[in-house]
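Trainee: I would like to go through this chain with you step by step, and I will try to ask about one feature at a time.
Mentor: Good, let us put the sequence and the structure in front of us and begin.

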Amino acid sequence: MSSVPGKYIKDENGNIFSPIVSSDSIITKGGNLTPSAITLVLGSDYDITTSSSWEAKRVSLNVVETNIGSCFSLNNNSVLVGDNVNAVRISGNLDMWQGPDTIAECILKLNVYHNNAITKTKEINSSKNGLLVALSLTPFIAQVQKGDKIEMIATIGIASTIKLVGRNKNTYLTVEKIY
């Protein structure tokens, strides 16, 4: 076989194809790329009660929906970073609703902690005059190391009881290893 410039090879019949047939065949500086990712979900609808406005509450993500590889684990409703992880892609979604009243402004935060101090945070807020609020954070990149934790925080603009929607896996946090 002869090679073609780029990431393709030409076979003896002149057919051009890619030697990359799966993620296991991709080679990085340190060797084979081993995919690793985890998605935590809220197992069922869950009430959080705030006693004052703008009180931040950790979301109790208590079910591992997907866990590929061995770099991440569920630890006290957070993602715990394991060995050989230097950077991750983080994303999440939070659905909430409140009884007959309306939800005031609310904030979804995804925090990265090292030794219990926040090293990276991303947030989105929304104000909705209705019963349902859905907040979604697009993926962002964070540098991490073994022992770091990643968690979801909900902050509500009023003192109230809010129901976080867990059915159909609507509330989730996903962390993927980049390198």
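Mentor: Before we start, keep in mind that a residue is called buried under 20% relative accessible area, exposed over 50%, and partly exposed in between. Keep in mind also that this is a predicted model.

Trainee: Is D83 buried, partly exposed or exposed?
Mentor: D83 is found in the loop between β11 and β12. Its relative accessible area is 43%, and because this value falls between the limits of 20% and 50%, the class of D83 is partly exposed.

Trainee: Which residue makes a polar contact with the side chain of D83?
Mentor: Leaving aside neighbours within four places in sequence, D83 is in contact with C71 and K146. The C-alpha atoms of D83 and K146 are separated by 5.4 Å, although the two residues are 63 residues apart along the chain. A polar contact of 3.0 Å joins the side chain of D83 to that of K146.

Trainee: How many helices and how many strands does the chain have?
Mentor: The secondary structure can be counted along the whole chain, which has 179 residues. The count comes to 0 helices and 18 strands.

Trainee: What share of the contacts with a separation of 6 or more comes from residues 24 or more positions apart?
Mentor: An example of a pair far apart in sequence is D83 and K146, 63 residues apart along the chain and in contact with each other. For the chain as a whole, among contacts with a separation of 6 or more, residues 24 or more positions apart account for 70%.

Trainee: Which strands does β18 pair with, taking β6 and β12 in turn, and over how many bridges?
Mentor: Strand β18 covers residues 172-177 and runs antiparallel to β6, residues 37-41, with V175 as the bridge partner of I38. Strand β12, residues 87-97, also pairs with β18 in the antiparallel sense, and here Y172 is the bridge partner of N93. The bridges number 5 for β6 and 6 for β12.

Trainee: Which side chain makes a polar contact with that of T174?
Mentor: T174 lies in strand β18 and counts as buried, because its relative accessibility of 13% is under the 20% limit. Its contacts, neighbours within four places in sequence left aside, are I38, T39, R89, I90 and S91. T39, found in strand β6, is likewise buried, with a relative accessible area of 12%. The polar contact, at 2.9 Å, is between the side chain of T174 and that of T39.

Trainee: Which strand gives the most residues to the largest nonpolar core?
Mentor: That core has 33 residues, of which F72, V88, I90, I150, L173 and V175 touch the most other members. Strands β6, β11, β12, β13, β15, β16, β17 and β18 each supply at least two residues of this core. The strand that gives the most, with 5 residues, is β15.

Trainee: Which residues of β18 are in contact with I90?
Mentor: I90 is one of the core residues that touch the most other members. Beyond its neighbours within four places in sequence, its contacts include L110, V112, F140 and I150. From β18, which spans residues 172-177, the contacts of I90 are L173, T174 and V175.

Trainee: Which residue in β16 is the bridge partner of V79?
Mentor: Strand β10, residues 72-75, is joined to β11 by 4 antiparallel bridges, and L74 stands opposite V79. In the hairpin of these strands, which has 2 residues between them, N76 takes a positive phi near 50°. On to β16: 2 bridges join this strand to β11, again antiparallel, and the partner of V79 there is I150.

Trainee: How many disulfides are there?
Mentor: C71 is buried, with a relative accessible area of 10%, and C106 is buried too, at 0%. A disulfide would need a pair of cysteine sulfur atoms within 2.5 Å. By this rule the number of disulfides is 0.

Key: Residues numbered from 1 in each chain as written. Predicted model: local features only at pLDDT ≥ 70, side-chain atom pairs only at ≥ 80, totals over all residues. Heavy atoms only, no water. Pairing = 2+ DSSP bridges. Core = buried A, V, L, I, M, F, W, Y, C linked by side-chain atoms within 4.5 Å. Buried < 20%, exposed > 50% of the residue type's maximum accessible area, 1.4 Å probe, protein only. Contact = heavy atoms within 4.5 Å. Polar contact = N/O pair within 3.5 Å; in protein donor to acceptor, adjacent residues only side chain to side chain.
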